[in-house]
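Me: I have just opened this structure and would like to learn how to read it. Could you walk me through it, one feature at a time?

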Amino acid sequence: MTGLWTAWMGAPTAWLAAALAIPFAVAAQDWSPQRHVEVTVPNAQGSSLDVTARVLQKMWHDLKLVPVTSAIVNRAGGEQTIGYTYLRQRAGDPHYLAFANPTLLSNHIAGRQPFNHTDFTPIAFLMTDDYIFAVRADHPLKGGREMAEAMRKQPDSLTFGIGNATHRIAVGMVLQTAKVDIRQVKLVVLQGGTQSLSAMGGHIDIAVSPLAQVLPHIESGKMRVLAVSAPKRKPGALANVPTWPELGYKEGTYETWRALIAPKDITAPQVAYWENVMRKLVQSEDFRRAAEKHQWDVDFKDAAETRKYFDEEYARTRSVMTYLGLVN
């Protein structure tokens with residue numbers, strides 16, 4: 001016994017170093033999911049967020065980026081609050097994920113949900129989709145600057161067709177920058193992406209929507225685009241369309257985006273795993289083709305960059321929603 005004790009005591013430094021190394025070795029090991037992964041979409045099937053989620057979730061299996069099964073589960077309701085509440089209740093479990101868009105921020109600002117982006121773990125920012133301001137081809141408005149100036153002089157002179165709260169925010173970003181009295185502005189909420197049809201029918205002046213909803217009418221020559229809410233000039237069908245910053249309204253930009261989030265309190269290796277999956281996915285040829293097909297503007301950000309973006313965009317969104325009278 002004495003000899004054993006002496007032998008152990010004779011090498012305390014080596015023993016201690018080995019003992020202390022165990023936690024660090026475990027922490028350094030790569031993590032990967034060990035069971036089925038559930039991906040929440042806080043919208044109904046067929047929505048733009050749902051379409052994006054299903055394309056990407058299928059793609060990570062086709063590319064063999066994830067070693068376990070996974071499934072998209074739609075949890076719509078409460079303007080996305082039901083879906084985000086479900087994810088929030090899975091704190092610490094990296095086998096639950098969700099796709100998110102700007103409503104994650106605006107819901108909290110509007111008082112529709114008691115939690116915000118800081119109650120989740122950002123994984124990756126994937127893509128954006130800008131808003132266009134379009135009129136029928138024979139509308140007297142010639143461009144975006146003329147629109148903004150007309151609104152500044154007479155806020156009720158034009159009618160805007162919008163589809164949801166994010167469309168309203170896109171309008172607000174421009175009108176706030178142009179110093180328009182928002183109390184007199186006429187915003188008409190239209191369901192089912194019918195802004196372009198209403199504009200062509202003369203029921204509204206300006207349709208505000210993502211490009212995909214209006215592109216067929218632009219290509220047919222039935223509608224014209226006054227300006228786009230992007231921070232820089234877009235290619236393709238919008239190559240000749242100025243951005244709001246180009247027209248002098250630097251804070252007029254607003255993008256709808258898609259990001260992957262996880263519950264709060266997952267570990268750094270778990271964040272790194274899912275971040276790496278999404279990075280590899282975005283770099284794939286399959287994703288490039290999907291982005292072209294769905295007209296996604298790819299803008300990958302890692303977890304840290306996504307958190308910073310959320311913080312900055314939350315502040316901008318709160319400012320414009322206050323201007324719009326949407327903050328409770």
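**A guided reading**

Reply: Let's begin in a loop: Lys179 sits between H7 and strand S6 (186–189), where helices (H or I, at least four residues) and strands (E, at least two) are DSSP runs numbered from the N terminus. This is a predicted model, in which local features need pLDDT of at least 70 and side-chain atom pairs count only at pLDDT 80 or more, while totals for chains, interfaces and linings use all residues. Residues are numbered from 1 along each chain as its sequence is written, and side-chain values use heavy atoms, with hydrogens and water left out.

Me: What is the phi of Lys179, and is the residue buried or exposed?

Reply: Most residues other than glycine have a negative phi. Lys179 is not a glycine, yet its phi is positive, at about 60°. Lys179 is exposed, with a relative accessible area of 69%; buried means under 20% relative accessible area, exposed over 50%, and partly exposed in between (1.4 Å probe, protein chains only).

Me: Which loop holds Glu79, and what is its phi near?

Reply: Glu79 lies in the loop between strand S2 (70–74) and helix H4 (81–88). Its phi is near 50°, again positive in a residue other than glycine. Glu79 is partly exposed, at 47% relative accessible area.

Me: Now for the whole protein: how many helices and strands does it have?

Reply: There are 12 helices and 10 strands. The C-alpha atoms fill a box of roughly 100 × 40 × 35 Å along the principal axes. Of the 328 residues, 50% count as buried. Contact means heavy atoms within 4.5 Å. Among contacts between residues at least 6 apart in sequence, 77% join residues at least 24 apart.

Me: How do I read a helix such as H7, and how far does it reach?

Reply: The expected span of a helix is 1.5 Å times one less than its number of residues. Helix H7 (residues 165–177) has 13 residues and reaches 18 Å from its first C-alpha to its last, close to the expected 18 Å. Its buried residues include His167, Ile169, Val171 and Leu175. Thr166, also in H7, counts as buried at 8% relative accessibility. Beyond four places in sequence, Thr166 touches Pro102, Thr103, Tyr131 and Tyr254. Thr166 and Thr103 are 63 residues apart along the chain, with their C-alpha atoms separated by 7.4 Å.

Me: At what angle do H7 and H12 cross?

Reply: Axes are lines fitted to C-alpha atoms, for helices over the stretch in contact, and angles run from 0 to 180 degrees between N-to-C directions. The axes of H7 and H12 come within 9 Å and cross at roughly 85°. H7 and H12 are therefore roughly perpendicular; angles of 65 to 115 degrees count as such, under 35 as roughly parallel, over 145 as roughly antiparallel and the rest as oblique. Among the residues that meet are Ile169 and Met173 in H7, and Val320 and Met321 in H12. By class, this contact has 7 nonpolar, 4 polar and 2 charged residues. Ala, Val, Leu, Ile, Met, Phe, Trp, Tyr, Cys and Pro count as nonpolar, Asp, Glu, Lys and Arg as charged, and the others, Gly among them, as polar.

Me: And how do H3 and H10 pack?

Reply: Helix H3 (residues 48–62) and helix H10 (residues 268–282) pack at about 95°, with their axes 10 Å apart. Leu56, Met59 and Trp60 in H3 meet Trp274, Val277, Met278 and Leu281 in H10. That contact has 7 nonpolar, no polar and no charged residues.

Me: What is a nonpolar core, and which helix gives the most to the largest one?

Reply: In soluble globular proteins, nonpolar side chains tend to be buried together. A nonpolar core is a set of buried Ala, Val, Leu, Ile, Met, Phe, Trp, Tyr and Cys residues joined through side-chain atoms within 4.5 Å. The largest here has 51 residues, and Phe133, Met147 and Ile206 are among those touching the most other members. Helix H12 (residues 303–324) gives the most to this core, with 7 residues. A second, separate core of 34 residues includes Val39, Leu56, Val66 and Val282.

Me: Where is Phe125, and what lies 4.8 Å from it?

Reply: Phe125 lies in strand S4 (residues 120–136) and is buried, with a relative accessible area of 0%. Phe125 and Lys301 are 176 residues apart in sequence but 4.8 Å apart in space, C-alpha to C-alpha.
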